[in-house]
Amino acid sequence: MTNLNVSPSRGTQDLSETGSGPIEHQRVAAEPSAEPHRSALADLSEVVRDYWVYRELLYQFVLRDIRIRYKQAVMGFAWAIFMPMLIVLAGMVVRIAMSHLSGGGVERAAMAGIAVRALPWAFFVGAIGFANTSLIANQNLVTKIYFPREVLPVASVFAQAFDTAVGSLGLVLLLPVLGVGFSLALLWIPVLALLLFLFTWAAALFLSSANLFFRDVKYLVQVILMFGIFFTPVFFEPVMMGPLGAKLMMMNPVAPILEGIRLTVVEGQGLLAPIMEALPSGETVLVWSPWYLAYSAGWALLGLLGASLLFHRLEFLFAEYA
């Protein structure tokens, strides 16, 4: 049965049909017009409502993205482990080269630190890489059918989260070999994972919409993701950069999350107290501060609110620029 009504919140004609496929839950209508006098709270409430109403559509897009990634793939789900493994191997090459220069060796703790940070970094890079072009890749849907466009970049984030969940199984098996045991500090992992997920969600919304209006954003993002690993504590710890360098590195919103994961998993440290470390030169470096966690949380939460609002208010232009 088909219900035809007028959406009072968007002023557009909606056509909703029951069904299980991704198209059957979409509103087939003209693009909604901009409503500049609506409050930010009203727009954000509408975004939340759209996510709930179109949750089945989001689910179908996530399934589609996962199926596309693994369809006719020789390695199958091994691809979920392949990317983090490459990052770990690259990090080991860097650390071995540094150890030869300093005359030391590479400890198992250093290897474990690279491993536990490689997986979330691979999630961030993969999710942003797919989400950045999600609107343009689906321009046939964006230009012809109305539905909340947010589901396209968000589906890419969820699909990458599935890959990361598969890869985490391999990491769980590897860590005991590297001498990492269980501690109560692991209770911080869900918090850190959630912050990374929310920040990635925010970045996906912002960058996907920006790439629709400025097509060279795609190339800029590729460059940043390629070299961003050298400005993020993946291959090395911030303490290795000295007091000032450590503080500058931790200004990267992803850095406190990755460093927090290393401290909790590898070192068994809690995150509610500052951690200082002494260098061979006698200098002390602030390795961790609870304010680092608050800093990343602010980027994640406020960034998601801001990106969602911006995406929602620009959405009526998407069909024109797609």
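## Helix packing and salt bridges in a predicted chain

Residues 24 or more positions apart account for 74% of the contacts made in the chain at a separation of 6 or more. The model is predicted, and the chain in it holds 13 helices and four strands. Of its 322 residues, 48% count as buried, while the surface that the chain exposes comes to about 16300 Å², with 70% of that area supplied by carbon and sulfur atoms.

### Helix 1 and what covers it

Helix 1, which runs over residues 40–53, has 14 residues and reaches 20 Å from its first C-alpha to its last, close to the 20 Å expected at 1.5 Å a residue. Which residues of helix 1 are buried? They are D43, E46, V47, D50 and Y51, and because they cover an arc of only 140° around the axis, they lie on the same side of helix 1. An α-helix has 3.6 residues a turn, so residues three or four places apart point the same way. On the other side of helix 1, L41, V48 and W52 are exposed.

The cover over the buried residues of helix 1 includes helix 2 (55–70), helix 7 (151–174), helix 8 (189–213) and helix 12 (290–314). Helix 12 contains H312, a residue that counts as buried at 8% relative accessibility. The C-alpha atoms of H312 and V47 are separated by 7.2 Å, although the two residues stand 265 residues apart along the chain; V47 is itself one of the buried residues of helix 1.

Helix 2, another part of this cover, has 16 residues that should span 22 Å at 1.5 Å a residue, and its end C-alpha atoms are 23 Å apart, which agrees. The buried residues of helix 2 are L57, L58, Q60, F61, V62, D65, I66, R69 and Y70. Two of these, R69 and Y70, are touched by D163, which also touches A80, when residues up to four places away in sequence are not counted. D163 has its place in helix 7 and is buried, with a relative accessible area of 10%.

### Salt bridges

Side chains of opposite charge can pair when their charged atoms come close. The count of salt bridges in this model comes to six, and the table gives three of the pairs.

| Salt bridge | Closest N to O distance |
|---|---|
| R313 and D43 | 2.7 Å |
| D65 and R64 | 3.2 Å |
| E259 and R117 | 3.4 Å |

How far apart in sequence are the parts that the pair of R313 and D43 ties together? R313 lies in helix 12 and D43 in helix 1, so the salt bridge between them ties together parts that are 270 residues apart in sequence. With a relative accessible area of 37%, R313 is partly exposed, whereas D43 is buried, with a relative accessible area of 4%.

The salt bridge of D65 with R64 likewise brings together a buried residue, D65, with a relative accessible area of 12%, and a partly exposed one, R64, with a relative accessible area of 28%. D65 also appears among the buried residues of helix 2.

In the salt bridge of E259 with R117, are the partners buried or exposed? E259 is buried, with a relative accessible area of 0%, and R117 also counts as buried, at 0% relative accessibility. Salt bridges that share partners join R117, E237, E259, R262 and E267 into one network. The pair of E259 and R117 links distant parts of the chain, for E259 is in helix 11 (residues 255–265) and R117 in helix 4 (residues 108–132), 142 residues apart.

### A nonpolar patch on the surface

Which residues make the nonpolar surface patch of about 430 Å²? The patch is made by I81, M83, M85, L86 and L89. M85 is found in helix 3, which covers residues 79–102, and with a relative accessible area of 41% this residue is partly exposed. A residue needs over 30% relative accessible area to be taken into a patch, so the 41% of M85 meets that cut-off.

Conventions
Residues are numbered from 1 along each chain as its sequence is written. This is a predicted model: local features need pLDDT of at least 70, side-chain atom pairs count only at pLDDT 80 or more; totals for chains, interfaces and linings use all residues. Side-chain values use heavy atoms; hydrogens and water are left out. Helices (H or I, at least four residues) and strands (E, at least two) are DSSP runs, numbered from the N terminus. Buried means under 20% relative accessible area, exposed over 50%, partly exposed in between (1.4 Å probe, protein chains only). Contact means heavy atoms within 4.5 Å. Accessible areas come from the Shrake-Rupley method with a 1.4 Å probe; for residues, only the protein chains shown count as cover. The expected span of a helix is 1.5 Å times one less than its number of residues. The arc is that of the directions from the helix axis to the C-beta atoms. A salt bridge is a side-chain nitrogen of Lys or Arg within 4 Å of a carboxyl oxygen of Asp or Glu. Patches are made of residues with over 30% relative accessible area and no salt bridge: like charges are joined within 9 Å, nonpolar side chains (Val, Leu, Ile, Met, Phe, Trp, Tyr) within 5 Å.
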